[in-house]
Amino acid sequence: MNKYNTKLILMLFFGALLSVSVHASKPLWLFTPLTQTTVSVPSSGMSVVKYQVLNQSKKTHTLYLKKKLGIEQSVAPFNCPNPFTLAYQQSCILTLVITADALIGDIFHSPKICDQGNPLQCYQPSFQNSLVVTKVPGFLVEGTVSGLANGDSVTLQNNATNTLAVNVNGRFTFSNTLKNGDPYSVTILKQPVASTCVVTNGSGTINGADVSDVKVSCTLNTTILSPSLMDLALNVSGATRVITITNTGTTTATNLTLTFPTWPAGTSDGTTCGSSLSPSASCTITVTPGASATSSCSTGIAPTAGVIQITSTESNPVSINVVVLDYGCIYQGGYLFFVNDATPNNSSISGKVMALTDESTPYSWGSTGGTTAISRTDGEANSSVLNSPTYPAAAACLAKIDQSYFDWYLPAICEIGDGNSICSSLSLQNMRANLYQSGIGGLLGGTNRYWSSTQKDSINGWYQRFSDNLQEGTTKTIQYNVRCARSF
Amino acid sequence: MPRYLYSTVGLLLISGQLFSGTMATSRPPSDWSWIGALTLGPTWTNARENQTFYLTPTIEKSYIASKKNNTFLSGEFLGGIQKKISNRIVGELGLAIATTGNAKLQGVIWDDAEPEFENFTYGYKVRQTRVSLKGKLAFDGNFWCMPWVSGSVGVGFNRARSFKDTPIIYEAASNTVFQNHTKKNLVYAFGAGLQKQLSPHWQIGAGYELSSWGRSELGQAFAQTLNTGLELNTINANNILLIFTYST
């Protein structure tokens with residue numbers, strides 16, 4: 001046998017093998033179930049079953065559903081029309097509406113789809129996917145599943161006995177029927193892998209009709225890192241403050257990483273956070289302020305916040321802005337002159353700031369006459385009493401909108417300075433001591449005087465002269481400068 | 001099929017040995033006589049045809065026949081005359097009526113005429129009944145038996161029936177089936193063999209005959225609008241013959 005003959009024989013042999021291998025059995029059109037195909041329908045009820053029908057033949061076929069009493073084809077939008085024509089590898093969704101009333105007995109081995117409706121060429125779903133309809137007495141518990149990921153499934157249970165695995169979004173029906181007056185209670189027996197489902201309208205009592213409004217809503221499992229504060233303000237050399245990070249998602253945050261900024265001198269940090277954080281678990285970050293303010297803001301500028309960055313594999317990064325403040329820092333719309341460091345350590349400091357500039361024109365305190373604005377320490381309370389055009393200085397602050405804040409007030413006499421014995425005995429943090437003395441804030445010295453919101457008597461109000469810390473009362477109708485303040 | 005041939009020839013030889021001592025001298029009469037002959041024997045055919053055709057304008061199928069021989073019994077009765085034509089040649093002429101058993105034909109169906117959709121098997125039966133004019137010439141060479149040749153021509157009725165298709169996969173729903181149908185044909189046969197005179201009236205013979213049945217055809221199925229049912233354009237059958245002849 002020469003070489004050529006050997007090749008020829010090998011070619012014929014493999015050719016024969018190939019010709020045998022292409023012989024196979026598979027349906028011309030394939031049914032893939034999109035819903036459960038074994039359904040129980042109560043005598044007066046309905047059910048919907050869906051298949052995707054795919055033409056596997058290279059020939060185009062025009063297909064008809066073989067008629068069967070009680071089974072109608074829905075031709076609503078996005079469903080197969082009737083008839084439907086499918087070219088090679090084309091598919092559509094065959095929606096069957098089953099009306100138990102019209103069924104003659106139970107249904108098995110359906111539906112059949114025939115080329116041009118001709119009984120010479122019909123196909124049906126596989127045995128496992130056959131439509132099996134059982135008419136049952138009683139009432140059904142039905143509902144819808146939404147949000148389920150492709151390929152995932154949720155296992156439901158009714159009354160702790162009737163179990164149903166659902167693997168596609170859409171309608172579901174429990175196989176067991178209930179009598180009128182029976183209770184029903186739908187619960188999640190097994191959660192999906194990729195999502196978490198909750199049941200609404202899941203329990204009640206059968207009241208003469210099927211229950212169809214049970215909702216199972218699934219949401220994809222997430223990791224959400226939720227800090228207790230997005231912005232933290234601390235006082236120089238003040239209290240250590242704590243930020244709590246909680247995983248409010250449904251899956252563990254892994255590769256948890258905290259990145260701290262370059263702190264101002266003396267400020268330090270600490271954390272209890274590890275490399276992962278389970279759902280609902282928390283960890284903390286502590287910041288202990290040193291003697292230096294952030295970006296030397298005490299010179300009368302706004303601080304550039306340090307940023308703590310928190311990242312994990314599963315979540316978006318989270319940023320927390322931290323500032324260490326001192327008198328003179330521009331914060332919350334004004335110059336910081338009053339700090340309350342006694343706030344809870346899981347929050348920022350509180351305090352008071354002075355407006356960045358004087359009001360544009362001098363104002364009188366008001367007309368002669370007594371008021372209750374007599375607090376020497378609480379300008380906010382005084383101003384609320386003086387909220388009327390009758391008291392122009394206070395009214396100017398109350399009407400002020402600046403740096404996006406609109407809660408300005410005319411400060412009380414001891415918030416401005418401590419020149420008289422009453423204020424000096426109170427040792428209240430004030431604008432003169434903490435700002436004017438440092439040359440911050442543009443307060444006018446010399447003989448310039450500023451109204452406070454504190455009334456001395458029915459004729460006089462208290463004013464402040466910054467240059468020599470004079471605090472005295474004078475006639476309310478005189479016009480002096482006004483510098484507003486606000487608290488945060 | 002050789003085993004049928006061997007066993008039949010063997011039977012003829014044995015019968016020749018048994019009867020040779022007492023009846024070997026008997027010869028056919030020189031004048032004509034009436035004869036009646038009964039023929040029995042196995043028949044086989046390997047008739048098969050692959051067919052692809054449209055049953056409707058949109059439904060096309062291929063019917064792929066399987067390669068399998070069919071064997072069944074056949075029988076024939078012949079009535080006629082026998083006459084010595086010359087010193088050595090004896091002739092027979094008569095009318096023969098024959099019937100056969102069922103040739104069972106089967107195969108697979110390709111939907112859309114594509115081998116990847118081999119989704120059904122099928123089977124049906126064909127049998128023949130025929131009436132023919134049959135002639136036979138036997139050579140008397142004073143041997144212990146006489147060789148003969150035969151030929152016949154006539155009308156045959158091929159009955160195709162009991163078509164059935166069976167899904168190979170569950171998804172393939174059963175179809176309506178082709179109807180039974182009888183097809184009339186011109187039929188003919190040629191044969192050869194040996195025969196032995198057992199007594200003045202009885203002869204026994206054996207031989208082989210090739211017969212042409214003509215065509216067979218199934219009827220249309222319900223809802224079929226194009227073409228007929230499955231056809232066989234040529235059925236050739238092989239027959240082993242065991243012949244019992246009585247002459248007056």
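Guide: Two strands pair if DSSP finds at least two bridges between them; strands are DSSP runs (E, at least two residues), as helices are (H or I, at least four), and both are numbered from the N terminus. What stands above is a predicted model, in which local features need pLDDT of at least 70 and side-chain atom pairs count only at pLDDT 80 or more, while totals for chains, interfaces and linings use all residues. Residues are numbered from 1 along each chain as its sequence is written, and chains are lettered from A and ligands numbered from 1 in the order in which they are written.

Visitor: Over how many bridges do strand β13 and β14 of chain A pair?
Guide: Strands of a sheet pair through backbone hydrogen bonds, either parallel or antiparallel. Here N158(A) has N162(A) of β14(A) as its bridge partner. Strand β13(A), residues 154-158, pairs with β14(A) in the antiparallel sense, and the number of bridges is 5.

Visitor: Which strands of chain A stand at the edges of the sheet β14-β13-β16-β18?
Guide: This is an open sheet of 4 strands with antiparallel pairing. Its neighbouring strands are turned by 25 degrees against each other on average, direction ignored, where the axes are lines fitted to C-alpha atoms and angles run from 0 to 180 degrees between N-to-C directions. An edge strand has a single partner, so one side of it is left without a neighbour in the sheet, and this holds for β14 (162-166) and β18 (203-205) of chain A.

Visitor: What is the average twist from one strand to the next in the sheet β32-β33-β34 of chain A?
Guide: This open sheet has 3 strands, paired antiparallel, and its edge strands, each pairing on one side only, are β32 (449-455) and β34 (470-475) of chain A. β32(A) meets strand β33(A), residues 460-465, over 4 bridges, with Y450(A) having Q464(A) as its bridge partner. The average twist is 35 degrees.

Visitor: In which sense, parallel or antiparallel, do β21 and β27 of chain A run?
Guide: Of the 5 residues of β21(A), 4 are buried (20 or more other C-beta atoms, placed from the backbone, within 10 Å of a residue's own; 12 or fewer makes it exposed, and in between it is partly exposed). β21(A) is therefore largely enclosed by the rest of the structure. In its partner β27(A), L325(A) stands opposite N235(A). The 5 bridges between β21(A) and strand β27(A), residues 318-325, join strands that run parallel.

Visitor: Where is S237(A), with its positive phi, found?
Guide: Most residues other than glycine have a negative phi, and most peptide bonds are trans. S237(A) has a phi of about 55 degrees although it is not a glycine, and it is partly exposed, with 15 other C-beta atoms within 10 Å. S237(A) is found in the loop between β21 (231-235) and β22 (241-247) of chain A.

Visitor: Which residue does a cis peptide bond join to N82(A)?
Guide: The omega of this bond is about 0 degrees. Its second residue has its place in the loop between β5 (71-74) and β6 (84-86) of chain A. The residue joined to N82(A) is P83(A).

Visitor: Through how many residues does a hairpin join β10 to β11 in chain B?
Guide: Strand β10(B), residues 181-197, and strand β11(B), residues 202-217, run antiparallel and are joined by 10 bridges, with A189(B) opposite S211(B). β11(B) also pairs in the antiparallel sense with strand β13(B), residues 231-247, over 14 bridges, where L210(B) stands opposite N238(B). The hairpin from β10(B) to β11(B) passes through a number of residues that comes to 4.

Visitor: How many strands are there in chain B?
Guide: Buried residues make up 38% of the 248 residues in chain B. From the N terminus on, a helix comes ahead of the run of strands. Beside this 1 helix, the number of strands in chain B is 13.

Visitor: How many residues of the side of chain B that touches chain A are nonpolar?
Guide: Two residues are in contact if their C-beta atoms, placed from the backbone, lie within 7 Å, and the contact takes 24 residues from chain B and 22 from chain A. Ala, Val, Leu, Ile, Met, Phe, Trp, Tyr, Cys and Pro count as nonpolar, Asp, Glu, Lys and Arg as charged, and the others, Gly among them, as polar. On the side of chain B there are 6 polar and 6 charged residues, and the nonpolar residues number 12.
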